[in-house]
Structures are given as C-alpha cells and as structure tokens.
Amino acid sequence: MGPDDEEVVHRTDHRSGRPGALPDTAAELAQLGAMGELLPDGLVVVGGDRVVRFANGEALRILERTPAEILDRPVSEGLTLRDKYGRDWWAHTDPWGGLTTRTGHREKLLVGPAGNDLLVTARYLRADRGGPVERVMLGLRDAEARLRAERDQATVLTTVAHELRAPLTSVAGFTSSLLRRWERFTDAQKKMMIETIESDANRLTRLITELLDISRLDTHALSLRLGPVDLHDVLTGHVLRHELGRRPGSVQLRLGTRAEEEGLPELWADADRLEQVFHNLVENGLRHGSGVVTVTLERDGHADGDGHARGRTGSDRPDAVTVTIDDEGDGIPPEHREKVFGRFWHGPSNASTGLGLYVVKGLVEAHGGSVWADGNETGGARFVVRLPSGLPDLVGP
C-alpha cells in the first residue's frame, strides 16, 4: 500500500454507495476471511474497539494461537505484542491516538504472545480522511528464517575476520622483525620470512577476490576476459605451484584415455578465472580430504562424420573438456553434495569461510559449463567440472 491508500479506500467505499464504510457485517467479514486465507502471510484485523475481528490461518500458525484464544478478544489479552525493549507495543504505538495523518508503520521485529519473534507491518484504515481509526490491519511473518540467516551471516563474518586477521598478523610480525633486526638474521632466515609474507599476502588477495566475486555474481556484474586457453598448460603450472611447500606427489595431474589419444581442444575462456576455479577445488581437496589429490583431464563428446558434436550416448552434446578432482578423504554425504556449492555453506566442521565452492560454481556457469560433486572409487570426494570447448567462428585457425 502507498501513502495515498486511505484516499483510495474512501473513494472505493463512496462508489459502492456506502460513503466511508468499512467491512463490518458478518457477510463482509466472511468475504474478508475468504480472501485473507489466500494470502501467503499472516493477516490480523483489529476493530476500532481494539478487539480482534479476524485472523487467517497463517496468522494463527505464526502466533501459535487457536481462534478461541485470539478472536473477539481485546488486543491486550489475545494479541500481546512487545518491542525489543519489552514495552507493550499497542500502548507505545497507540494506533487509535496520536496524529490523524498516520497510515501505519513499516515492518518491525516484535515478540508475539507465545514469546516468538515476529515481523509485523501495520496499516491504519479510516472511513474519512483525518477521522478515527476504524480498523488496524496487521501483516505477520515468521522471523525465525531471517534471524537464522542473520546469525549464519554473522558467523561467516567472524570466520572471514579470522581468516583476514591470521595472515595480517603474520605479515606484520615478520616485517617488523625484518625492519628492526635485519642484521641478526641469516640469508636463509630472511628468505624464509619473505616467502611467508608473500604466501600470506597471496592468501589475503584470494580471500578479498572471493568476497568481491560473490558481490559481482550476486549482482550479475561479473565480466570475463575471454581468449584461447590451453587447459593442460594452465593446470600443469597450477599443480606445480600447489606442491610448493608440500610433500612431492600430493597433487597429481593425468590425462584420460581419450585425451591421450586425441589430445585436448582449446577453450575460449578467461585463463585467470579458470585458474581460480581449480585453485579452489584442489585446495579444497588438500584441506578436507587426505592422501593424494588427483586431477584428471578428459575429452568429453566427439564430432561425427558431418562435424556435429555428439556425446558418448549419441545424443546431441557439444564437444567439451571435463576436469575431475579426486581426493582420498571421507567424501561428501549424498545429501550435502548440492549444498556444498551454496553461499557461505561450510559444513559441520566450520573450517572454512564457505566462499570457495560458491565462487567455483558461479565462475564455471559464467563460462557456460557445469560443476557437480560426487563420490569416487576410494570413498573420497570427487568434483567434476565440464567446460565447453572450441573457439568462436571469428577466431581463425
């Protein structure tokens, strides 16, 4: 409803032949009830005598009250509402007193009769402009889902703050030591400290990049710098970088059977974004899995005699490249395999920010590809990324 709703109500009633009249008879209330039951939110109507005249089924569910406990009872008895300070909302707001220009209030968080949190919106209806309030209509929503989301986001913010603080503390400590005691450290010690600073700075950059990417993905403002990409070369360098500082062989890269026989087609993609995707997936396998993380590149789909790309089942399917990342950990329960790509989902361990896989899904889909989670033969987790291959027609051979 807008600021001129009272004028609309008055004009409508005037055309019906009852100037200024509002629903009052049993038949009118019954009609209101039939309409109110169609609403997805709770609806409560309070009369000018401060007695509850109507409550739809959703309102009764949210308020945790039966019709006998709320209908035809004063609001002070059947519909007690309190604000965050513990004040009686009806007495504090007093819809029937105060300025006659008031039309209601926006959504507020209140405590209902059962002690549960409610989101309440009010509209004051008057038969005549400036006249007394004859009806107060309340829109009710259950606040539990919103409060839970706010708590989850607060937890994520705490985790992100911790993720930012840890490398910043390390960087500040090492740089302070180097500046004040440079002559006391050997060249090997200096190199180790500078490498640690670089590693922590890269970690900070990745986290901030993920936060920015989430904002861009949510607002559909992500841009890609597309060009020819040799995915095998990208992943070869990527695996080597991942093994720095870890035991040799912790990440292995191999080609599938068709990729070895036919080679891999080029992709038209953003190389930096793809590196970000596979960094997150490999890092996820190293952090949450165990043993060796295996990255497998395979050619998916093939061109038939007329040059049309078809999948292995013979159905129409563009030629593509699939990348499979397997670890040797405990795997992901089937009921969580869709959830892992959710925004801020971090599982029961709470060991991560829950940003990485959400960004992976968004970046892969921005390339026209798909990503999903599964289990592998060893019982560990498997992530599969499928990316369409080939260059656009405007790019010559």
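These are legends for a handful of close-up views of a predicted model.

**View 1. Five antiparallel strands make up an open sheet.** Read across the sheet and you get the strand order 2-1-5-4-3, with antiparallel pairing. Strand 2 (52-55) and strand 3 (104-111) sit at the edges, so to speak, each pairing on one side only. On average, neighbouring strands in this sheet are turned by 25° against each other, ignoring direction.

**View 2. Strand 4 is paired with strand 5.** Here we zoom in on residues 117-126 (strand 4) and residues 133-142 (strand 5), which run antiparallel and are joined by nine bridges. To get your bearings, pick out Thr 121, which has Gly 139 of strand 5 standing opposite.

**View 3. A second open sheet, again of five strands, has mixed pairing.** The order this time is 7-9-12-14-13. Its edge strands are strand 7 (251-255) and strand 13 (370-375), and each of them has a pairing partner on one side only. From one strand to the next, the twist averages 20°. Within this sheet, strand 12 (residues 320-326) and strand 14 (residues 381-388) pair in the antiparallel sense, with seven bridges between them. One pair to look for is Thr 324 and its bridge partner in strand 14, Val 384. Packed on the sheet is helix 11 (residues 271-288), which touches strand 7, strand 9 (293-300), strand 12 and strand 14. The direction of helix 11 makes about 170° with that of strand 14.

**View 4. Helix 8 crosses helix 11.** Their axes come within 13 Å and cross at roughly 110°. That angle falls in the 65 to 115 degree range, and the two helices are therefore roughly perpendicular to each other. The crossing is left-handed. Helix 8 brings Arg 206, Thr 209, Glu 210, Asp 213 and Arg 216 to the contact, while helix 11 supplies Arg 273, Gln 276, His 279 and Asn 280. Sort the residues of this contact by type and you find no nonpolar ones, four polar and five charged.

**View 5. Helix 8 also meets helix 12.** The axes of helix 8 (residues 187-218) and helix 12 come within 10 Å, crossing at roughly 45°. The pair is therefore oblique, and helix 8 passes helix 12 in a left-handed crossing. On the helix 8 side, look for Glu 210, Asp 213, Ile 214, Leu 217 and Asp 218; facing them from helix 12 are Gly 356, Tyr 358, Val 359, Gly 362 and Leu 363. The residues of this contact split into five nonpolar, two polar and three charged. Glu 210 and Asp 213 turn up here and in the contact with helix 11 too.

**View 6. Val 360 is tucked into helix 12 as a buried residue.** Helix 12 covers residues 356-366. With a relative accessible area of 0%, Val 360 falls under the 20% cut-off and so counts as buried. What does Val 360 touch, leaving aside its neighbours within four places in sequence? Val 360 is in contact with Val 277, Asn 280, Leu 281 and Val 371. Also worth a look is Arg 273: it lies 87 residues from Val 360 along the chain, yet their C-alpha atoms are separated by 9.1 Å.

How values were computed: Residues are numbered from 1 along each chain as its sequence is written. This is a predicted model: local features need pLDDT of at least 70, side-chain atom pairs count only at pLDDT 80 or more; totals for chains, interfaces and linings use all residues. Side-chain values use heavy atoms; hydrogens and water are left out. Two strands pair if DSSP finds at least two bridges between them. Helices (H or I, at least four residues) and strands (E, at least two) are DSSP runs, numbered from the N terminus. Axes are lines fitted to C-alpha atoms, for helices over the stretch in contact, and angles run from 0 to 180 degrees between N-to-C directions. Buried means under 20% relative accessible area, exposed over 50%, partly exposed in between (1.4 Å probe, protein chains only). Contact means heavy atoms within 4.5 Å. Angles under 35 degrees count as roughly parallel, over 145 as roughly antiparallel, 65 to 115 as roughly perpendicular and the rest as oblique. A crossing is left-handed if the near helix is turned anticlockwise from the far one by less than a right angle, and right-handed if clockwise. Ala, Val, Leu, Ile, Met, Phe, Trp, Tyr, Cys and Pro count as nonpolar, Asp, Glu, Lys and Arg as charged, and the others, Gly among them, as polar.
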